[in-house]
Amino acid sequence: MAQTPDVVFVDGVRTPFGRAGEKGQYWRTRGDDLIVKAMIGLLERNPNLPKDRVDDVAIAATSQTGDQGPTIGRSAGILAGLPLSVPGYALDRMCAGAMTTVTTIAGAIAFGAYDIGIAGGVEHMGHHPMGQGIDPNPRFVAENLVAADALNMGNTAERLHDRFPQLTKERADHYAMRSQQKLEVAYQAGRIQPDLIPVAIQSDEGWGLATEDQGRRPETTMETLAGLKPSFRPHGRVTAGNSSPLTDGATVSLIASADTARELNLGVKMRMVSFAFAGVEPEVMGIGPIPSTEKALRKAGLTIGDIGLFELNEAFAVQVLSFLDHFGIDDDDPRVNLWGGAIAIGHPLASSGVRLMIQLARQFEEHPEVRYGLTAMCVGLGQGGSVIWENPHYRGRSKR
Amino acid sequence: MTDFSKLLALDPDEVVTHSFVRDIRLPSGKTLALITLDNGKDYTRPNTLGPNTLHELSGVLDRLAARGRRRRSTASP
Ligand SMILES: CC(C)(COP(=O)(O)OP(=O)(O)OC[C@H]1O[C@@H](n2cnc3c(N)ncnc32)[C@H](O)[C@@H]1OP(=O)(O)O)[C@@H](O)C(=O)NCCC(=O)NCCS
């Protein structure tokens, strides 16, 4: 039997992320232009890639109307200058949209249908507020299938505090503060900037260039976090400080078979080992990455102890902590979100999955002693997604 | 000083393309002053360069050149 092709992550880039809303740097930028700019940046960074060799363009967006409208993978491909012969499609799995475009393109490559594809996501949460324009089926509530408030992600985070009393607000705040601090250190060291594609932005003061993530709050302290009001329920524990903020941004990656990457002389930043998605009760969607990670580990024949670097999407601090507790990992474990996470960087829903991969890929370069890494995230309506990656720079274990 | 007043009065209806300046922080840590030209209209009325437009741009270039000289003379080695 023919061997299944190895699937590799060739490269990934993203726009700087912006705060959603009128004060955000992208308020006057179209959602589709964010993904187009990112895609042009990716193609320019990989001049060896003949554009007509791209087999497909998969772009995720949770909201697929207006400026994230008509089949965004196709429309963005045209706008980014891909030949018209290259097809494209749009995809939605809420927060795990971009992650799912990567695994879907990877599946096509593993099957032998594709050699190379573009996968990414975009969410302009300023132009497309969460939950806008949706009409949930009344059976959800009438038949008690899903709690009425489970579509509000903040409430699901509060429920994690309820369910796991050891997950205190103090732990969540501490985790959130560390995320801000770690990102600042990474920025100072210039670790984040190399994968950002600047975007021209307009304001009353004229045109400018977005070059950095806008939502960072490096000055965050436990005291300021303790003073924030709960965002979702009276006496609640989830605040603007320990949640990911509403964000605009886009990410995009090049996924290929190992043979094609070699043939075209493209770099290889990571090799895909396994992936999995899983469902949980929508009311506690934040624990979703636990079963998806267990499944991905099982498929890979690995255990959690084999994972040397974790890139976990920080939808809410409490939700990351539930994952860490489950696997017996310390809140401050240096393997986890080395350069901070979504609480500090932002979480433009359907684009975040590839942001995790971009950071893991960079960390792999710096950590040849690490063989395997995990990207994982929770998803609204009770899901989790996990992808396990192998480090091509692995040089054997050394003492930490 | 050259007197451009006659030239500037030539077309009272000129759609002026303004010269905006914003500072951009470069990865090197240095600052780039980015000049953009924008007449405030959409793609159906492209930027055009009339006398008032060019006069404004000239002023902006002079200001930025002076600012650049000041920075260079104060910059530490
Ligand atoms: C939590 C949430 C409701 C907060 O929204 P918001 O109130 O508009 O948030 P803001 O950024 O305006 O912050 C509110 C306040 O907290 C303050 N704040 C936020 N983070 C802070 C920090 N780290 N340190 C100090 N102050 C902070 C802000 O300064 C602001 O204060 P102000 O009103 O005095 O200016 C919103 O970010 C949210 O819904 N997040 C979750 C998104 C989500 O569900 N994603 C999907 C996950 S599955």
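**Exercise 1. Describe the two annotated domains of chain A.**

Step 1. Over residues 269-390 of chain A, the chain is 34% helix and 26% strand. The end C-alpha atoms of this span are 9 Å apart. These values, like the rest here, come from a predicted model.

Step 2. Find the label. In an unreviewed entry, UniProt gives residues 269-390 of chain A the feature "domain: Thiolase C-terminal".

Step 3. Turn to the other span. UniProt, again from an unreviewed entry, places "domain: Thiolase N-terminal" at residues 7-258 of chain A. Residues 7-258 of chain A are 31% helix and 19% strand. The end C-alpha atoms lie 6 Å apart.

**Exercise 2. Work out how α6(A) packs on α10(A).**

Step 1. Choose the descriptors. Two packed helices are described by the angle between their axes and the distance between the axes.

Step 2. Read both values. The axes of α6(A) and α10(A), residues 317-326, come within 9 Å and cross at roughly 100°.

Step 3. Classify the angle. Angles of 65 to 115 degrees count as roughly perpendicular, so α6(A) is roughly perpendicular to α10(A).

Step 4. List the partners. α6(A) brings Arg171(A), Ala172(A), Tyr175(A) and Ala176(A). They meet Ala317(A), Val318(A), Val320(A), Leu321(A), Leu324(A) and Asp325(A) of α10(A).

Step 5. Sort the contact by residue type. It holds eight nonpolar residues, no polar ones and two charged ones.

**Exercise 3. Characterise the largest pocket.**

Step 1. Take the volume: about 1200 Å³.

Step 2. Identify the lining. It has 46 residues. Nearest the centre lie Met125(A), Met130(A), Ser244(A), Pro245(A) and Leu246(A).

Step 3. Assign elements. α5 (153-163), α6 (169-188) and α7 (222-226) of chain A give two or more residues each.

Step 4. Split the lining by type. There are 21 nonpolar, 20 polar and five charged residues.

**Exercise 4. Do the same for the second largest pocket, and say which chains supply its lining.**

Step 1. The second largest pocket holds about 400 Å³ of space.

Step 2. Its lining has 17 residues. Closest to the centre are Gln193(A), Glu212(A), Arg25(B), Leu26(B) and Pro27(B). Chains A and B both appear among these names.

Step 3. Check the elements. α6 of chain A and β1 (18-25) of chain B each supply at least two lining residues. The largest share, three residues, comes from α6(A).

Step 4. By type, the lining of the second largest pocket divides into eight nonpolar, five polar and four charged residues.

Technical notes:
Residues are numbered from 1 along each chain as its sequence is written. Chains are lettered from A and ligands numbered from 1 in the order in which they are written. This is a predicted model: local features need pLDDT of at least 70, side-chain atom pairs count only at pLDDT 80 or more; totals for chains, interfaces and linings use all residues. Side-chain values use heavy atoms; hydrogens and water are left out. On a 1 Å grid over the protein atoms alone, a cavity is a set of points where a 1.4 Å probe fits but cannot get out, and a pocket is an open set with protein on both sides within 12 Å along at least five of seven lines; lining residues have an atom within 4 Å of a point. Grid points are joined across faces, edges and corners, and a volume is the space filled by probe spheres set on the points. Helices (H or I, at least four residues) and strands (E, at least two) are DSSP runs, numbered from the N terminus. Ala, Val, Leu, Ile, Met, Phe, Trp, Tyr, Cys and Pro count as nonpolar, Asp, Glu, Lys and Arg as charged, and the others, Gly among them, as polar. Axes are lines fitted to C-alpha atoms, for helices over the stretch in contact, and angles run from 0 to 180 degrees between N-to-C directions. Angles under 35 degrees count as roughly parallel, over 145 as roughly antiparallel, 65 to 115 as roughly perpendicular and the rest as oblique. Contact means heavy atoms within 4.5 Å. UniProt positions are given in the numbering used here, feature names are shortened, and annotations may be inferred rather than shown by experiment.
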